[in-house]
Amino acid sequence: MAAIPRDQVVLIQLSAAFGQGAGTLFVSEDAVVAALDHFTPVLPRLAAEWAEKGLQVLEYARTIGRTAGWLAIERGDDAISEADFREGLKRVRGLNPRLFGPCPFLHVSGPESRR
């Protein structure tokens, strides 16, 4: 079996955690692209610190998925949109960091940081 780069393993784990939060909702292609645009730049750093910060980061990813899913349901939709992802990220960023500890994963300068 070929080795998978560690940053790709981290991305897969983040995707799984987001999906756990999102539950049975579909995630639109635009939402996936927005998430990748935001989180890809920080993957090498996350991979290097994964043993120390992985569980904390996964809980943030679950919370973003849960929040984005709630926004879609509130709208009466069964799919998380790009806007749901961005708003979910924004709301989770606004949570008190004492809940999960500070998360470098949320505070990268991705495209939506400038929107």
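Trainee: Where does R66 lie, in which helix?

Mentor: Keep in mind that this is a predicted model. Going by the elements assigned to it, R66 sits in helix 3.

Trainee: Is R66 buried, partly exposed or exposed?

Mentor: Its relative accessible area comes to 42%. Buried would need under 20% and exposed over 50%. The value for R66 falls in between, so call R66 partly exposed.

Trainee: Which residues does R66 contact, leaving aside neighbours within four places in sequence?

Mentor: Start with a long-range pairing: R66 and G19 are 47 residues apart in sequence, yet their C-alpha atoms are 8.3 Å apart in space. As for contacts beyond four places in sequence, R66 has G21, A22 and E59.

Trainee: What about T67, is that one buried or exposed?

Mentor: T67 lies in helix 3 too. Its relative accessible area is 17%, and the cut-off for buried is under 20%. So T67 counts as buried.

Trainee: And what does T67 touch, again leaving aside neighbours within four places in sequence?

Mentor: Helix 4 covers residues 82-93, so look there for the partners of T67. The contacts are G88, R91 and V92.

Trainee: Which residues of helix 4 are buried?

Mentor: Several elements cover them, including helix 1 (6-22), helix 2, helix 3 (43-74) and strand 2 (79-80). The buried residues of helix 4 are D84, F85, R86, G88, L89 and V92.

Trainee: How is helix 2 oriented to helix 4?

Mentor: The axes of helix 2 (residues 29-39) and helix 4 come within 7 Å and cross at roughly 40°. Under 35 degrees would count as roughly parallel, and 65 to 115 as roughly perpendicular. The crossing fits neither, so helix 2 is oblique to helix 4.

Trainee: How do the residues of that contact divide into nonpolar, polar and charged?

Mentor: Helix 2 brings D30, A31, A34, A35, H38 and F39, and helix 4 meets them with E82, F85, R86, L89 and R93. Sorted by type, the residues of this contact come to six nonpolar, one polar and four charged.

Trainee: Which residue has a side-chain oxygen reaching a backbone nitrogen at the start of helix 4?

Mentor: The backbone nitrogen there belongs to A83. The side-chain oxygen comes to within 3.3 Å of it, and its owner is S81.

Trainee: Zooming out, what percentage of long-range contacts join residues at least 24 apart?

Mentor: The chain has four helices and two strands, running α-β-α-α-β-α from the N terminus. Take the contacts between residues at least 6 apart in sequence. The share joining residues at least 24 apart is 79%.

Key
Residues are numbered from 1 along each chain as its sequence is written. This is a predicted model: local features need pLDDT of at least 70, side-chain atom pairs count only at pLDDT 80 or more; totals for chains, interfaces and linings use all residues. Side-chain values use heavy atoms; hydrogens and water are left out. Axes are lines fitted to C-alpha atoms, for helices over the stretch in contact, and angles run from 0 to 180 degrees between N-to-C directions. Angles under 35 degrees count as roughly parallel, over 145 as roughly antiparallel, 65 to 115 as roughly perpendicular and the rest as oblique. Contact means heavy atoms within 4.5 Å. Ala, Val, Leu, Ile, Met, Phe, Trp, Tyr, Cys and Pro count as nonpolar, Asp, Glu, Lys and Arg as charged, and the others, Gly among them, as polar. Buried means under 20% relative accessible area, exposed over 50%, partly exposed in between (1.4 Å probe, protein chains only). A polar contact is a pair of N or O atoms within 3.5 Å; within protein, one must be able to donate a hydrogen and the other to accept it, and residues adjacent in sequence count only if both atoms are side-chain atoms.
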